[in-house]
Amino acid sequence: MKGTTIIKNLGLTGAAILLASTERSDGFVLSPSLVTFFAPTHLSAHPGKAGGGGGGPGSSVVDSPPDTGFIATELRGAAMRLHTRAQAPKEGEREVPKEPAEPYVPTHMDYLKFLVDSRHVYAALEDIVNEMPELEVYRNNGLERVKGLDIDIEWMASEYDLEIPHVGSAGLSYAEKLRDVAKESVPAFMCHYYNYYFAHTAGGRMIGLQMASLLLNKKTLEFYKWGDLNAIKAKVKGDIEDMADKWSREEKDDCVDQTAAAFMGGGAINGYLS
C-alpha cells in the first residue's frame, strides 16, 4: 500500500474532510492519512457565521441566520461524523490511524491515471443527468468536467511522452456504482452528485494547485477552471434544496445514507496520488 500523500496538509477552504478509501485485503477503510475528499466549502463547522471569522467591535463579520437547509444540516452532519476526533473534536467519530514514516511522491503517470479515472466518473455523472428527465435541472450547469479533462489528458500524454492508460478499477467501480444507485434512487444518487462535484470545487482545487506546483511547472489544467464558480455553486445548491424539499423522510435518509459510499468512491480515485 502506498504511503501518505505529500498533499495531506493542504490548507482548507471551509470544512475539509481528510478521508480516503485505502484498498486492503479486507476491502476499503476510511483513513484520514490520505487527502482524497473534501467537504464542500459551505459545510462550515459554524454555519451561522458569515465570512467564517470572529466578530467584534468594528468587525465587518456579522452573524447571519443559521442555514437550516437539507445540505447544511443533514448532509453536513453525516459528513462531519466521518471526520476523526482530531479533525473535528466535537463531531468526529473516526479514529486516527497510524501514518507511514515515508510520504509518497506522485509521478506524472500517477496524476494521468487520476485524471483518466476522474474523467470516467464525470462521464458517468453527465450521462446519468442527461438520461434521466427528473435530473434535467442539472444539465449544462457549469459543473461538467469531461471536456476539460479530455484536453488535459491529451496534453499530459503529449507533454510528458506518456501513453494514456486504460481506466483503472477505481474509476470503473465507482462509475458502475453511480449507475446502479441512480437506477434505484434519485435521492441516493444526489448524495454522490453533490459530494463529488462540490468536493472538487473545494479540496480538489487545492490538490490541483499542489500537483501543478509539483509536476506541471504550475500550469493550471482545464479540470480546475470554471466560469463564475460561486454563482454556479449557489444555483446548484438551490436546485438540490428545492428537490430535497419534495422528498419524503425515507428519501432524505436514502440520500444521507450514501455519504460514506460517496467518500469512498472519490477516495479510491484520489488514491492514485497517495
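Student: In which loop is Asn 217 found?

Tutor: In this predicted model, phi of Asn 217 is near 55 degrees, a positive value in a residue other than glycine. Most residues other than glycine have a negative phi. As for its place in the chain, Asn 217 is found in the loop between α6 (203-215) and α7 (229-245).

Student: Is Asn 217 buried or exposed?

Tutor: A residue counts as exposed when its relative accessible area is over 50%, and as buried when that area is under 20%. Asn 217 has a relative accessible area of 73%, and therefore Asn 217 is exposed.

Student: What is the relative accessible area of Lys 218, and what is its phi?

Tutor: Lys 218 is found in the loop between α6 and α7. Lys 218 is exposed, with a relative accessible area of 65%. Its backbone has a positive phi in a residue other than glycine, and the value for Lys 218 is near 70 degrees.

Student: How are α1 and α8 oriented: roughly parallel, roughly antiparallel, roughly perpendicular or oblique?

Tutor: Helix α1 (residues 70-80) packs with helix α8 (residues 249-256) at an angle of about 50 degrees, and their axes are 9 Å apart. Angles under 35 degrees would count as roughly parallel, those from 65 to 115 as roughly perpendicular and those over 145 as roughly antiparallel. The angle of about 50 degrees lies outside these ranges, so α1 is oblique to α8.

Student: How many nonpolar, polar and charged residues does the contact of α1 with α8 have?

Tutor: The contact is made by Phe 70, Glu 74, Leu 75 and Ala 78 of α1, together with Arg 249, Lys 252, Cys 255 and Val 256 of α8. By class, the contact of α1 with α8 has five nonpolar, no polar and three charged residues.

Student: Which helix contributes the largest share of the largest nonpolar core?

Tutor: The largest nonpolar core has 60 residues, and Tyr 111, Leu 135, Phe 189 and Met 190 touch the most other members. The largest share of this core, 11 residues, comes from helix α2 (residues 108-131).

Student: Which residues does Phe 189 touch, not counting residues up to four places away in sequence?

Tutor: Phe 189 is one of the residues that touch the most other members of the largest nonpolar core. Not counting residues up to four places away in sequence, Phe 189 touches Leu 125, Ile 128, Val 129, Leu 135, Leu 178, Val 181 and Ala 182.

Note on methods: Residues are numbered from 1 along each chain as its sequence is written. This is a predicted model: local features need pLDDT of at least 70, side-chain atom pairs count only at pLDDT 80 or more; totals for chains, interfaces and linings use all residues. Side-chain values use heavy atoms; hydrogens and water are left out. A nonpolar core is a set of buried Ala, Val, Leu, Ile, Met, Phe, Trp, Tyr and Cys residues joined through side-chain atoms within 4.5 Å. Buried means under 20% relative accessible area, exposed over 50%, partly exposed in between (1.4 Å probe, protein chains only). Helices (H or I, at least four residues) and strands (E, at least two) are DSSP runs, numbered from the N terminus. Contact means heavy atoms within 4.5 Å. Axes are lines fitted to C-alpha atoms, for helices over the stretch in contact, and angles run from 0 to 180 degrees between N-to-C directions. Ala, Val, Leu, Ile, Met, Phe, Trp, Tyr, Cys and Pro count as nonpolar, Asp, Glu, Lys and Arg as charged, and the others, Gly among them, as polar.
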